[in-house]
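Colleague: I have a new model open on my screen and would love a guided look at one part of it. Could you take me through the aromatic residues and what surrounds them?

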Amino acid sequence: MNLDDFRLETRAWLEAHCPPEMRQPVVDDERCWGGRKWVFHSEAQRVWLQRMAERGWVAPTWPREYGGGGLSHEEAKVLREEMDALHCRPPIERVSQGLGLLGPTILRLGTPGQKAEHLPGIARGEIRWCQGYSEPNAGSDLASIQTRAVDAGDHFVVNGQKIWTSHADKSDWIFMLVRTDAHAPKHRGISFLLVDMATPGIQTRPIQLISGKSAFCETFFDDVMVPKENLLGELNQGWEVSRLLLANERGSIAATRSLAAERSLGLSAMDWVGAGEGGRLSDAGLREDIARYEVDMLAFTAAAERAGDLGAAGQAGPGWPSILKLSYAELNQKRLELLMAAGGTELLEWEGERTRDGEECRAWLRSKANTIEGGSTEIQLNIIAKRVLDLPGA
Ligand SMILES: Cc1cc2nc3c(=O)[nH]c(=O)nc-3n(C[C@H](O)[C@H](O)[C@H](O)COP(=O)(O)OP(=O)(O)OC[C@H]3O[C@@H](n4cnc5c(N)ncnc54)[C@H](O)[C@@H]3O)c2cc1C
């Protein structure tokens, strides 16, 4: 089918199958993450996920045999454009750990058995994954991880602690970095494991955030038995796997953002500042800042689109995930700063109907983490300096 016919067919299908409630701008608490423990916010959210999963469009470019849609990169772009035009929400958040991070890594490096076991659950939104990289003494210096996996015949025995594990308490599986050779140079003694969170010996303890929410956990492993077939990639080669996954993470934080599913900043600001002459935002200074932000965001979106095209053609240069991640983090922080400037002290209201229990204020506080999560801004700048600009080390 040519792309024009595909576009018409896609538009007709989305119009017929996307419930009206799933065409409203999405707020943070209504995003869909899926998994066994997921409680749908509405029947429309459940139906929308089910319909998209049946069509393979939760993971449009994955092969059909693993629950994907088998679409080409160009077809997937058309699907995204049509979803944006109709304001359809993503059925599962595209930055989720399974869909955005692990799935593409298993597609590249997994055994046929691992692909068959893990990909369909992600593509149907049935299994939620979390990421076990950081430890109390290993964040930016990730290769210093100390959680051990000891060879015990047909399985490993894992002991140690992870921290900042987003949504570990709500996840079904965890992918994690473990030390399998304590004597090798630190990058060489690491392996990458896939672990069922229901395995005896795993405990999660939530961490309270400044936003009042509790998105993180400490995760403890006490003599946890993990079958050897859950090793992704080669033994002691986990560092390479983790780098591929981190590139997926940084790329997906930025490149899969849907502009249309979110409310425009100008309209949101107008709720607080009010409209002046000609229906424009009444505060001229703020209007100018928002216009500048919107232009920067459009430029960013075009750059992310191009990076996606080059990536699909195997031509993306090194460092682009870091460039996108860095820019997106700064733009998102800017967006929320401007919104808070529009709302002033009223938007600081933590509870109450007008601010929907401080939704924007909580999002603003949450955005402080954008320049830390997925690798801090300083680390991205180091990567860009080395791999893109080829600058000499300090
Ligand atoms: C919202 C959020 C969600 C997260 N989710 C997860 C998750 O699901 N799973 C997971 O494993 N981790 C997760 N993390 C952890 C995240 O990956 C780490 O916080 C991050 O990598 C930084 O590590 P750190 O916190 O140990 O800080 P540190 O590494 O101690 O860094 C402290 C400061 O020093 C700077 N710094 C460190 N080294 C250098 C250097 N070489 N050059 C210049 N500056 C440097 C850093 O930029 C930072 O400003 C999450 C973090 C956040 C904020």
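Colleague: To start in one spot, is F192 buried or exposed, and what is its relative accessible area?

Modeller: Happy to help, and please keep in mind that this is a predicted model. F192 is buried, because its relative accessible area is 0% and the cut-off for buried is under 20%. F192 belongs to strand β5, which covers residues 190–196.

Let us look at its partner. F192 makes an aromatic pair with Y133, and the pair is edge-to-face, with 6.4 Å from centre to centre and 90° between the planes. Y133 sits in the loop between β1 and β2 (148–151), whereas F192 is in a strand, so this pair ties together parts that are 59 residues apart in sequence. Y133 is buried as well, at a relative accessible area of 4%.

These two rings have company. One aromatic cluster is formed by W129, Y133, W173, F175 and F192. In the model, the count of aromatic pairs comes to 9. One of them joins W129 and W173, with ring centres 5.4 Å apart and planes at 40°; that angle is neither under 30 degrees nor over 60, so the pair is tilted. W129 is in strand β1 (residues 129–132) and W173 is in strand β4 (residues 173–179), so the pair ties together parts that are 44 residues apart in sequence. Both W129 and W173 are buried.

Now for the neighbours of this cluster. Q97 is in helix α4, residues 97–109. Leaving aside residues up to four places away in sequence, Q97 touches L102, W129, C130, Q131, S166 and F175. Two of the cluster members, W129 and F175, are thus among the contacts of Q97. Q97 is itself buried, with a relative accessible area of 15%.

M197 is another neighbour to click on. You will find M197 in the loop between β5 and β6 (202–207). With the same sequence neighbours left out, M197 touches C130, A168, S171, D172, W173, I174, I202, T204 and T219. W173 of the cluster is on that list, and C130 appears both there and among the contacts of Q97. M197 counts as buried, at a relative accessible area of 13%. If you want a distance to check on your screen, M197 and W38 are 15 Å apart in space, C-alpha to C-alpha, and 159 residues apart in sequence.

Two other aromatic rings have a charged partner. The charged end of R362 sits over the ring of W350, at 4.0 Å from its centre. K228 lies over the face of F156, 5.5 Å from the ring centre.

While you are in this part of the chain, two backbone angles deserve a glance. Most residues other than glycine have a negative phi. H167 has a positive phi, near 55°. H167 is in the loop between β3 (155–162) and β4, and its relative accessibility of 24% makes it partly exposed. D223 also has a positive phi, near 50°. D223 is part of strand β7, residues 216–227, and is partly exposed at 49% relative accessibility.

Finally, let us zoom out to place the cluster in the whole chain. The chain is divided into domain 1 (3–123), domain 2 (129–237) and domain 3 (263–388). By these bounds, the five residues of the cluster fall in domain 2, and Q97 falls in domain 1. The contact of Q97 with W129 therefore joins domain 1 to domain 2. Across these two domains, 16 residues of domain 1 are in contact with 18 residues of domain 2, and the domain centres, taken over C-alpha atoms, are separated by 27 Å.

For the chain overall, the secondary structure comes to 11 helices and 7 strands. Its radius of gyration is 22 Å, close to the 21 Å that the globule rule gives for 394 residues, so the chain is as compact as a globular protein of that length. The C-alpha trace spans about 75 × 50 × 45 Å along its principal axes. Of the 394 residues, 47% count as buried. Among contacts with a separation of 6 or more, 69% come from residues 24 or more positions apart. The exposed area is about 19,100 Å², and carbon and sulfur atoms supply 52% of it.

Technical notes. Residues are numbered from 1 along each chain as its sequence is written. This is a predicted model: local features need pLDDT of at least 70, side-chain atom pairs count only at pLDDT 80 or more; totals for chains, interfaces and linings use all residues. Side-chain values use heavy atoms; hydrogens and water are left out. Rings of Phe, Tyr and Trp (its six-membered ring) pair if their centres lie within 6.5 Å; planes under 30 degrees apart count as stacked, over 60 as edge-to-face and the rest as tilted. Helices (H or I, at least four residues) and strands (E, at least two) are DSSP runs, numbered from the N terminus. Buried means under 20% relative accessible area, exposed over 50%, partly exposed in between (1.4 Å probe, protein chains only). A charge sits over a ring if NZ of Lys or CZ of Arg is within 6 Å of the ring centre and within 35 degrees of the ring normal. The radius of gyration is taken over C-alpha atoms; the globule rule is 2.2 Å times the number of residues to the power 0.38. Contact means heavy atoms within 4.5 Å. Accessible areas come from the Shrake-Rupley method with a 1.4 Å probe; for residues, only the protein chains shown count as cover. Domain bounds come from an automatic or database domain assignment.
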